[in-house]
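This report covers the core, the sheet and the overall layout of one protein chain. The sequence and the structure come first.

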Amino acid sequence: MHTCRNCKRTFSSELELELHRDNCAAGELFCDACGERFAESEATDDGWHFHCPNPDCDGATIGENIHRVEDVRLEAP
Ligand SMILES: [Zn+2]
Ligand SMILES: [Zn+2]
């Protein structure tokens, strides 16, 4: 059983989980320092200051280490 860390949905195969992660509404931000993907609510307390929720990573700030998955998709060729 594979569980999406963001929304806690479970999938029977890793492939299904991978496909889901691309569309998961709960994983709308990612950190380019560690590659972690997470929900906005995990990364900020006040909606203004963002930091990576990964305890081993010091990535922070929208536009620096933290990016919106949507924006990155739009910029992709
Ligand atoms: Zn999910
Ligand atoms: Zn990070």
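## Nonpolar core

In this predicted model, the largest nonpolar core consists of 7 residues: L29, F30, C31, A43, F50, C52 and I66. Strand β3 gives the most to this core, with 3 residues.

A43, one of the core residues, touches L29, F38, F50, H51, C52, P53 and I66 when residues up to four places away in sequence are not counted. Buried residues account for 13% of the 77 residues in the protein chain.

## Sheet

An open sheet is formed by 3 strands in the order β4-β3-β5, and the pairing is antiparallel. The edge strands, β4 (37–38) and β5 (66–68), each pair on one side only. Strands of a sheet pair through backbone hydrogen bonds, in either a parallel or an antiparallel manner.

Strand β3 spans residues 29–31 and is joined to β5 by 3 bridges, the two strands running antiparallel. Within this pairing, F30 stands opposite H67 in β5. F30 is also listed in the largest nonpolar core, as is I66.

## Chain layout

The protein chain contains 3 helices and 5 strands. Read from the N terminus, its elements follow the order β-β-α-β-β-α-β-α.

Contacts between residues at least 6 apart in sequence were also sorted by separation: 27% of them join residues at least 24 apart.

Technical notes. Residues are numbered from 1 along each chain as its sequence is written. Chains are lettered from A and ligands numbered from 1 in the order in which they are written. This is a predicted model: local features need pLDDT of at least 70, side-chain atom pairs count only at pLDDT 80 or more; totals for chains, interfaces and linings use all residues. Two strands pair if DSSP finds at least two bridges between them. Helices (H or I, at least four residues) and strands (E, at least two) are DSSP runs, numbered from the N terminus. A residue is buried if 20 or more other C-beta atoms lie within 10 Å of its own, exposed if 12 or fewer, and partly exposed in between; C-beta atoms are placed from the backbone. Two residues are in contact if their C-beta atoms, placed from the backbone, lie within 7 Å. A nonpolar core is a set of buried Ala, Val, Leu, Ile, Met, Phe, Trp, Tyr and Cys residues joined through C-beta atoms within 7 Å.
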